[in-house]
Every structure is written in structure tokens, then in C-alpha cells.
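Take a look at the chain shown here. Keep it in view as you read this short briefing.

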Amino acid sequence: MGHMLGLAVQQKLTVGDLLALPVYHPTLEEGLRGALREICEALSLPGGSDGGGPSGA
């Protein structure tokens, strides 16, 4: 998860950008997706609706 967050900072990715990345099962990053969705909803950011489907889908 650290490498994903480090890349996000380096590349100046948005929360929506992170949600658009594929996440494979089973990984710790799957838990991050729920937090990212909540951030988008709380801040009314676009990209928060990634469908909520299975990770990597």
C-alpha cells in the first residue's frame, strides 16, 4: 500500500485517479478503496462512484 500512496503523491494523483487504478484480490489495497470512496463522498469529489464492484473489475 505504501508504494501505491507514494506513487500517488509523486504523480499528484487525485482520489478519483486512485479509484480508477486496478486493485487485485486479495491485497491490502482493497481496504483502501473503501476509504477513498468515503473521501470522495465526504468532499463531494468526482470519481467517487467507481461502481463499488469487485476490486480489479
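This briefing covers the overall build, the core, the start of the chain and two unusual backbone angles. The model is predicted. The chain has three helices and zero strands. Of its 57 residues, 25% count as buried.

**Overall build**
- Read from the N terminus, the elements follow the order α-α-α.
- The accessible surface of the chain is about 3,900 Å². Carbon and sulfur atoms hold 62% of that surface.
- Take the contacts in the chain with a separation of 6 or more: 43% of them join residues 24 or more positions apart.

**The core**
- Nine residues form the largest nonpolar core.
- Its members are Met4, Ala8, Val15, Leu18, Leu19, Val23, Leu32, Leu36 and Cys40.
- Three elements give two or more residues each to this core: helix H1 (2-11), helix H2 (15-20) and helix H3 (29-43).
- Every core member is buried, because a nonpolar core is defined as a set of buried residues.

**The start of the chain**
- Met1 sits in the segment before H1.
- Is Met1 buried, partly exposed or exposed? Met1 has a relative accessible area of 34%, so it is partly exposed.
- Met1 touches Leu28, Glu29 and Leu32, leaving aside residues up to four places away in sequence.
- One of these partners, Leu32, is also a member of the largest nonpolar core.
- Met1 and Glu29 are 28 residues apart in sequence. In space, their C-alpha atoms are 5.6 Å apart.
- Met1 also helps to make a nonpolar surface patch, together with Leu5 and Leu28. The patch covers about 280 Å².
- A patch residue needs over 30% relative accessible area. Met1, at 34%, therefore passes that cut-off.

**Two positive phi angles**
- Most residues other than glycine have a negative phi.
- Which phi does Lys12 have? The angle is near 55°, a positive value in a residue other than glycine.
- Lys12 lies in the loop between H1 and H2.
- The relative accessibility of Lys12 is 72%, so Lys12 counts as exposed.
- Ser44 has a positive phi too, of about 50°, and Ser44 is not a glycine.
- Where is Ser44 found? Ser44 is in the segment after H3.
- Ser44 is exposed, because its relative accessible area is 64% and the cut-off for exposed is over 50%.

Notes
Residues are numbered from 1 along each chain as its sequence is written. This is a predicted model: local features need pLDDT of at least 70, side-chain atom pairs count only at pLDDT 80 or more; totals for chains, interfaces and linings use all residues. Side-chain values use heavy atoms; hydrogens and water are left out. A nonpolar core is a set of buried Ala, Val, Leu, Ile, Met, Phe, Trp, Tyr and Cys residues joined through side-chain atoms within 4.5 Å. Buried means under 20% relative accessible area, exposed over 50%, partly exposed in between (1.4 Å probe, protein chains only). Helices (H or I, at least four residues) and strands (E, at least two) are DSSP runs, numbered from the N terminus. Patches are made of residues with over 30% relative accessible area and no salt bridge: like charges are joined within 9 Å, nonpolar side chains (Val, Leu, Ile, Met, Phe, Trp, Tyr) within 5 Å. Accessible areas come from the Shrake-Rupley method with a 1.4 Å probe; for residues, only the protein chains shown count as cover. A salt bridge is a side-chain nitrogen of Lys or Arg within 4 Å of a carboxyl oxygen of Asp or Glu. Contact means heavy atoms within 4.5 Å.
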